[in-house]
Every structure is written in C-alpha cells, then in structure tokens.
Number of protein chains: 2
Amino acid sequence: MKRENTAPTMKDVAKEAGVALGTVSKVVNGLPVGDSYRIRVEDAIKKLNYHVNSYAQGLKASRTYTVALLIPNTYTPFFAALTYHINIALLKRKYRMLLCSTDYDSGLEQEYVTMVQQNKVDGIIGLTYNPNLIVEENTPFVSIDRSMGPTIPCVACDNFAGGQLAAEKLADLGCKNVAFMRIGSSLNNEPNKRKAGFENGCLSRGISYEMKILNDGDSFEEFENFLSDHIADGKLSFDGIFCVTDSLAFSVIRILQKLNQKVPEDVQVIGFDGTRRFGNMDYICSTIVQPLPEMAEMCVELLLRENAQTKPPLVCLPVAYAYGGTTTE
Amino acid sequence: MKRENTAPTMKDVAKEAGVALGTVSKVVNGLPVGDSYRIRVEDAIKKLNYHVNSYAQGLKASRTYTVALLIPNTYTPFFAALTYHINIALLKRKYRMLLCSTDYDSGLEQEYVTMVQQNKVDGIIGLTYNPNLIVEENTPFVSIDRSMGPTIPCVACDNFAGGQLAAEKLADLGCKNVAFMRIGSSLNNEPNKRKAGFENGCLSRGISYEMKILNDGDSFEEFENFLSDHIADGKLSFDGIFCVTDSLAFSVIRILQKLNQKVPEDVQVIGFDGTRRFGNMDYICSTIVQPLPEMAEMCVELLLRENAQTKPPLVCLPVAYAYGGTTTE
C-alpha cells in the first residue's frame, strides 16, 4: 500500500499551464476562474495525467488512506453486499477500509467518529440508525439511507421511485386491490419513502390499497392476522402485495402458503432490495433492485471529494424491477 | 481506542517473584526453568493479575491494534458471517479490522502481507486459496481452511468429522445407497477432508456410496447428467445425498425437483456450512453447521498470542448437524 510519489503535483500543472498555483487550485475546486485559464489548466491536467487522487494528495498533507465503514452487521445480505461493493470501490482508489460491525452499538459508532477527528482515518461511510450520533460539521462523513443534516451527504437508492415502481408493476400485472406491508425502524430514514411512493403509484394507476405497518418489537403474528382477516371463502381479497424488504416478502410468502394462497397465481408479491440467493445466484423474489455498485461508488466519491461545496445533501440512485418468480412476470 | 498503561509489567512480576527478568520471560514463553522458579513466577503473575495482553505489551513496543482480514468477498453467506464474527472478536479486544475483499486477487493479498512486515498492521487473518502467497516465518498470520506451513496456524471446522457425521446421519435416517457431490477448488485445503470423512462414515455404517466430483470450471450440467443416469423407471437409485456446501445442496435440490424426485420423501439431502436464510433466519437445508463464533475467536486468539511455541499448526473445531427440511428429521 505504499504510495508512489512520482505522480504530478499541482505545481507541475501550474508550470505546464503557465498559471499561478492558486489558479490551479481554483479550477480543481470548481471555483470560478476565467475560461481561458480554466481551459489551459484542464489541458495541463490532461497532458500530465494529473488525476483526482493527486488532487487529494496536493490539498491535504497527512492522509491515512483509510476509511471506516460503520454497518450494523455483515451477515444480513443487503449489508453484506453493500460492504463488498464499498470495499471494492475503496480498493480501486488504493484506500484501505476499516470495518466496524456496530450491532447498533451507539458508543462504538461515536468512537469511530472521534477517530476521524483525531485523523486516524480520513473519513467514515456509515449506515447508522442512531439518532444521537454526533457528527460535527466538516467531519468527512457520508451517510447511507439516513439524512444526518445538510452538511453530511446521504446516499440512498431512489426509495420513493422504488415504491411507486412496485405499485405500477403490480397494476401492470393486473392487480386491482393491493396491500403494503412494512416492519422496521420508525426512525426517519430514506427507506420510509417506499410507502409514500407506493401510495402515489396506486393512486395514479387507480388501484385500491391497504396498509399494514408494524413497528420494531411488534409481534410478527399481526401480519398473519391481517392477511387472515382479508380471506373470505378461502380467497384473499388482495391480488398483489408489496413488502418493504425481500426478507419481509419471504416471510409473508410463507404466511400465504400456510393460508393456502398460491404465489403468484392467487396473489403476486414484490419485495425490495434485490437480494440474491447465496449472494450471487438468482433473486429470492420479484423485487425492486437497489443499485449497490453505484451507491458504493457514490459514497466513496463523495467522501473523498475535496470540494465540500459541491457535495449534495442527498443523492438518490435509480432502482429497477427484477422478476424473481413471485409475480407472473 | 487509547490503551491504558497501568497494567503490571514483566518487571513488576520479576520483583514480586524475587527472580531475574529473564526468568519471567522464560516462564511466559514456555521455556524450561526450575520448578520452584516457575511456581514463584506463576504465583506473582496471578497475584498481580498480569495477563496475556500485558505480555504482548511487554514484549512488543509499537502495536497498531489493527488486524487485516483477507477474504474473497463478503456477499457469499459463509464469508459474510465469518467476517462478522471475526469483526466482533476483534472489537471485543479493542482491535480494529481492515477488511480486504480480495476477489481471489493474489497481488492484493501479497500487498497486505507486506503491510504486516512494515508494521502497518499487527497481523493477518486470511482465507486465501492462493498457492503462491508468500508468508515469511514469524509473520503474524492465521489461515482459515488452508494449511500454509507448520509455523502458520490454520483454523477450520472439523471437516473430516463433518463428512463422517453427514454419512452417519443419512444412515441413521434409513439411507442405504448415497451419493457424494462436490465442486470447488482442487487446491489442497481443509474442506477437502469432507470427502474422506464421508467415505469413512459410509464404510463404518455399511452403506454403499458413489462420488461425483467436479472441478472449478466444469459444467454444472454434469451433476444433472449424473443424477439422470441414476434414475430408472422414474426412481432415483440414491436415497441420500451429501453435498459439500449448502449452496451446492440448494442447486442439487433444484435439479432433483426438475427430475421429479421429492426431497426428503424420495431422497434426503444434507449440505455443509449452516447457512441461514437472510443471515439469521432458518437453515436453508439440513446441514453440517460450522462453529463460526468459535472459529473467529480461535483465529483472533491465536493471532494475538505472543508465545509462538504454543501455537498449534492446525485447530479443528467441532461441527453439529442441524435439521433444515431436506431430511426426514
């Protein structure tokens, strides 16, 4: 992991372009300079092959080339795949990754934030549902799935569009009366937008819907009761169900089997995440796929980007529908 | 992550025991000293509560309290769960973990080994199938699943016993003619012992068996052909199958369904690993469970243990059978 120091410096670029060092710095940081200067600097950058990593080296003296990832665990398939893609995105840039499985331990999370402030790591990418985590402004931090304030970029898939897509897909597949099922953190986070997107999709397609929302700690049996209550003469009144995760979809499908409802013949089910069997085989169910490689790239790119002014507070990346056997197509 | 330096030193032990510092060092490192000296030193160690980590602090000046984990990826459930448990075992000891998803990249693996030699990390825990990885003697390294030489401890589950247990279980469940199915690296490694254990189990229980072994890159269709060839009048001649991984078992069960063979009624299937749906739900199939928390603890304990002479070259930890719906019980 030794750095090569033969890469061109900002000084080399200034010399090549025949401009002052400050001008190069402005161009690199996206600040306004005259067009002719900008073009000369950009040409010099191209000619010398002075790339983003060199920018970083030029601007900050002591880097650890280490980034910490805070993630609840790595055995949950979504977290496991996300960890993998972030690791790959960092390695590509010759950055090392400290992994911290937090198990939702807020003390541990805070410890890592302190490490950034002590310059033991260059920054943190974190998926945390800890509402009390204190991240000071200017601490290099990129959050996944939860907005932590205007100065901390948050990267997520387009959860609203994903919910909407699920409703539209069910409508396209002929469903007339659908259910929305959710369990999980009641904390304000991006995945919660799946609900609003789904409602929006149902309304725009003119199909009726019902919602069943459990909170963490609620008994899972409530889902079974909810579905039982909607069965008359052996027939479920819903012809489509959207579950906010593939894991929930899987559990709901089991309940449906127990209630003698055939999937997808009697009722079609769509999950969310794009979970693959054994990590790289087929989809576990029909699903809204999160773009994990793109989300990982975006997290790393935003974390390492020097110019804070160009960091957006929220980036939502496009999702896609994938067939996984629990819908008719 | 700051260390406390209030722990007793080796000097304190020498003073308490009334012996020379070298004598304490010998006792700590398991070298021969007279019994009366040994007892005095051991009593002093106990009295001062001078424990293993203090040994480490006494013997090695600059520690990074960072350990690297080399693992092919984190999306494969077995790797994902192993990564989690190693992370937890390290965090418990206030060690940080650098994660390196190697994607079987041997250059990357070698880079990390160099980092240990440059004291950038204290040691490496690695699951690598790279036969060319050069790890010098005295480099703190613990290998998982593959022996890398007498001075590098290897931690694995008891793969031989696991194979044997699978055969015995199938025999106990009434199977008379079973198959062994394997695909994977042909490199010499611990999981390969599952085959020998299975054969041994079949022989000791007096049940007949056949083997079908594919190598990496062989067409998966060969398994389907193998099973088809053993069907006469719609009936499979095997009443039990042991697959070397849960992932293979899952694929084999799909083939069996395609061939109209009911699992477990017509044929019982046992996999290996103990893979759980979504990482923490039920087992995907009946399986031989690897003791991941214990393996992770052992890896970390061996890596951080100072006394090299007490590090065994191979530790095999006990496996257990778990019912997962693809056997009759």
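This report walks through a predicted model with chains A and B, from the overall build of chain A to the interface and a few single residues.

## Chain A as a whole

A good place to begin is the general layout of chain A. Its secondary structure consists of eleven helices and 14 strands. Measured out along the principal axes, the C-alpha atoms occupy a box of roughly 85 × 45 × 35 Å. Of the 329 residues in chain A, 52% are buried. Many contacts tie together parts of the chain that lie far apart in sequence: among contacts in chain A with a separation of 6 or more, 67% are between residues 24 or more positions apart.

## A strand with buried side chains

Strand β5 of chain A, residues 154-157, is worth a look in the viewer. C154(A) and A156(A) point one way from this strand, while V155(A) and C157(A) point the other way, and all of these residues are buried.

Which strands pair with β5(A)? One of them is strand β4 of chain A (residues 141-144), which runs parallel to β5(A) and is joined to it by two bridges. Here C154(A) in β5(A) is the bridge partner of S143(A). Strand β13 of chain A (residues 314-317) is also parallel to β5(A), with four bridges between them. In that pairing, C157(A) has L317(A) in β13(A) as its bridge partner.

## Where the two chains meet

Now turn to the interface. The size of an interface is often given as the accessible area lost when the parts come together. For chain B and chain A, this buried area is about 3,400 Å², and carbon and sulfur atoms give 62% of it. Three residues stand out on the side of chain B: Y75(B), Y84(B) and F278(B) supply 22% of the area that chain B buries against chain A, more than any other three residues. In terms of contacts, 41 residues of chain B touch 41 residues of chain A.

The rule finds 14 residue pairs in polar contact across this interface, counting pairs with both residues at pLDDT 80 or more. On the side of chain B that touches chain A, the elements giving two or more residues are α5 (77-92), β2 (96-101), α6 (106-117) and α10 (246-258) of chain B. The most comes from α5(B), which gives eight residues. By type, the residues on this side of chain B are 20 nonpolar, twelve polar and nine charged.

A pair of strands also reaches across from chain to chain. Strand β2 of chain A (residues 96-101) and β2(B) run antiparallel and are joined by three bridges. Within this pairing, L98(A) has L98(B) in β2(B) as its bridge partner.

## Salt bridges

Side chains of opposite charge can pair when their charged atoms come close. Over all chains, the count comes to 30 salt bridges, and four are found across the interface of chain B and chain A. The table shows some examples.

| Residue | Partner | Closest N to O distance |
|---|---|---|
| R254(B) | D282(A) | 2.6 Å |
| E301(A) | R305(A) | 2.8 Å |
| E222(A) | K212(A) | 3.6 Å |

The pair of R254(B) and D282(A) crosses between chains, from helix α10 of chain B to the loop between β11 (268-273) and β12 (287-289) of chain A. R254(B) is partly exposed, because its relative accessible area is 34%. D282(A) is partly exposed too, at 28%.

In the pair within chain A, E301(A) is partly exposed at 30% relative accessibility, and R305(A) is partly exposed at 26%. Salt bridges can also form a network, as they do among D35(A), R38(A) and E42(A).

## Two loop residues

Is N188(A) buried or exposed? N188(A) counts as exposed because its relative accessibility is 67%. This residue is in the loop between β6 (177-184) and α8 (193-205) of chain A. The C-alpha atoms of N188(A) and R146(A) are 7.3 Å apart, although 42 residues separate them along the chain.

H230(B), in the loop between α9 (221-229) and β8 (231-232) of chain B, is buried, with a relative accessible area of 18%. The side chain of H230(B) makes a polar contact of 2.9 Å with the side chain of E210(B). A polar atom of the H230(B) side chain also lies 2.8 Å from the backbone oxygen of F226(B).

Definitions and conventions: Residues numbered from 1 in each chain as written. Chains lettered and ligands numbered in written order. Predicted model: local features only at pLDDT ≥ 70, side-chain atom pairs only at ≥ 80, totals over all residues. Heavy atoms only, no water. Buried < 20%, exposed > 50% of the residue type's maximum accessible area, 1.4 Å probe, protein only. Pairing = 2+ DSSP bridges. Contact = heavy atoms within 4.5 Å. Buried area = accessible area lost by both parts, 1.4 Å probe. Salt bridge = Lys/Arg side-chain N within 4 Å of Asp/Glu carboxyl O. Polar contact = N/O pair within 3.5 Å; in protein donor to acceptor, adjacent residues only side chain to side chain. Nonpolar A, V, L, I, M, F, W, Y, C, P; charged D, E, K, R; others polar.
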